[in-house]
Amino acid sequence: MYNSLTRIQNVFGFFTTVAFVVGAIIAASDFTAPRTPSASIKPTNVQVVKGRPHYYSSKREEYAIIKFSLDADLSSLFTWNTKQLFVYVTAEWPAPPSGAADGTNQTNKAVIWDTIITSPSSDHLANIGPATLKKLRKSAAGKSIDPSRGKLSLKNQRPKYQITHPSGKVANTEDVTLHVHYNVQPWVGMLTWNQDVDFALWKQMARGISKVFQLPAIKKKDEAKGK
């Protein structure tokens with residue numbers, strides 16, 4: 001007959017199999033929930049300054065500060081399996097031709113702002129003060145899903161991060177656009193990012209890209225004093 005150790009192994013094996021199947025079903029349920037995110041973004045104030053962009057910077061260089069306005073509806077990304085939503089804005093511009101003589105960086109994508117939006121079930125993970133957390137929990141009392149959290153309306157928002165470049169020069173950069181991105185982090189399942197094409201009930205983000213603009217030249221001290 002089976003001894004105690006064998007019985008424990010059988011019970012544990014059955015438990016892990018059931019847990020895996022339940023987890024797979026939960027993860028697959030996300031595909032049954034439609035996703036129709038949309039966003040509208042535009043720069044409101046763009047400046048290029050020469051100085052030390054960070055307190056730890058060892059040298060002076062050019063860096064850009066881009067303020068923007070954002071209206072986004074990401075409420076369809078929240079389901080009962082959503083843990084939190086990571087939203088971020090990038091500034092992007094075309095890379096120089098291949099084999100450029102100046103050897104400039106080919107990436108040309110920089111995050112200028114980000115935020116984390118938690119679902120009611122994960123509010124305890126939010127990195128906010130006690131008073132703000134209490135207010136957040138009160139607004140979602142009795143709700144397992146709060147789609148209203150996925151609606152953003154920011155006016156003339158200051159960036160969290162400045163744009164720099166390995167060359168130390170960003171002034172007069174052309175064909176710059178702002179892009180809105182998101183990353184859905186579920187309780188169970190895979191991380192998913194904004195997609196470039198429609199996939200079943202999941203639609204690509206409507207708009208989410210600003211009009212093309214140019215980073216200005218550095219303002220001279222005499223010009224700055226005259227304004």
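**Strands, odd angles and surface patches**

Trainee: Let's start with a single pair: which residue in S4 stands opposite Ala-91?

Mentor: Keep in mind that we're looking at a predicted model. Strand S3 covers residues 82-92, and nine bridges join strand S3 to S4. The two run antiparallel. Across from Ala-91, in S4, you'll find Ala-110.

Trainee: Okay, and what is the order of the strands in the open sheet of four strands with antiparallel pairing?

Mentor: Think of S3 and S4 as a starting pair, joined by those nine bridges. The sheet is open and has four strands, paired antiparallel. Read across, the order is S4-S3-S6-S7.

Trainee: Why is one side of S4 and one side of S7 left without a neighbour in the sheet?

Mentor: Look at where they sit in the order S4-S3-S6-S7. Strand S4 (109-118) and strand S7 (192-193) are at the edges. One side of each has no neighbour because each has a single partner strand.

Trainee: Now the other sheet: which strands are at the edges in the mixed one?

Mentor: This open sheet also has four strands, and its order is S5-S2-S1-S8. The pairing here is mixed. An edge strand pairs on one side only, and that fits S5 and S8.

Trainee: How many bridges join S1 to strand S2?

Mentor: Strand S1 spans residues 38-51, while strand S2 spans residues 61-73. They run antiparallel, and one place to look is Ser-40, whose bridge partner in S2 is Asp-71. In total, the number of bridges between S1 and S2 is 13.

Trainee: In which sense do S1 and S8 pair, parallel or antiparallel?

Mentor: Strand S8 is residues 206-207, and it shares two bridges with S1. Ser-38 has Ala-206 as its bridge partner, and Ala-39 stands opposite Arg-207. Ser-38 to Ala-206 and Ala-39 to Arg-207 fit the sense of this pair, which is parallel.

Trainee: What is the phi of Arg-207 near?

Mentor: Most residues other than glycine have a negative phi. Arg-207, in strand S8, goes the other way, with a positive value in a residue other than glycine. Arg-207 is also exposed, with a relative accessible area of 59%. Its phi is near 60°.

Trainee: And where is Asp-175 placed?

Mentor: Asp-175 also has a positive phi, near 55°. At 44% relative accessibility, Asp-175 counts as partly exposed. Strand S5 (151-157) and strand S6 (177-186) flank its place, which is the loop between S5 and S6.

Trainee: On to the surface: is Lys-50 buried, partly exposed or exposed?

Mentor: Lys-50 lies in strand S1. Together with Arg-52, Arg-60 and Lys-169, Lys-50 gathers in a patch of positive charge on the surface. Exposed needs over 50% relative accessible area, and buried means under 20%. Lys-50 has 47% relative accessibility, so it counts as partly exposed.

Trainee: Last one: what is the area of the nonpolar surface patch made by Phe-14, Val-18 and Val-22?

Mentor: Start from Val-18, which lies in helix H1 (residues 4-29). Val-18 counts as partly exposed, with 37% relative accessibility. Phe-14, Val-18 and Val-22 make a nonpolar surface patch of about 280 Å².

Definitions and conventions. Residues numbered from 1 in each chain as written. Predicted model: local features only at pLDDT ≥ 70, side-chain atom pairs only at ≥ 80, totals over all residues. Heavy atoms only, no water. Patch = residues over 30% accessible without salt bridge, like charges linked within 9 Å, V, L, I, M, F, W, Y side chains within 5 Å. Areas by Shrake-Rupley, 256 points an atom, 1.4 Å probe, with all protein chains shown as cover. Salt bridge = Lys/Arg side-chain N within 4 Å of Asp/Glu carboxyl O. Lys, Arg positive; Asp, Glu negative; His and termini not counted. Charge placed at Lys NZ, Arg CZ, Asp CG, Glu CD. Buried < 20%, exposed > 50% of the residue type's maximum accessible area, 1.4 Å probe, protein only. Pairing = 2+ DSSP bridges.
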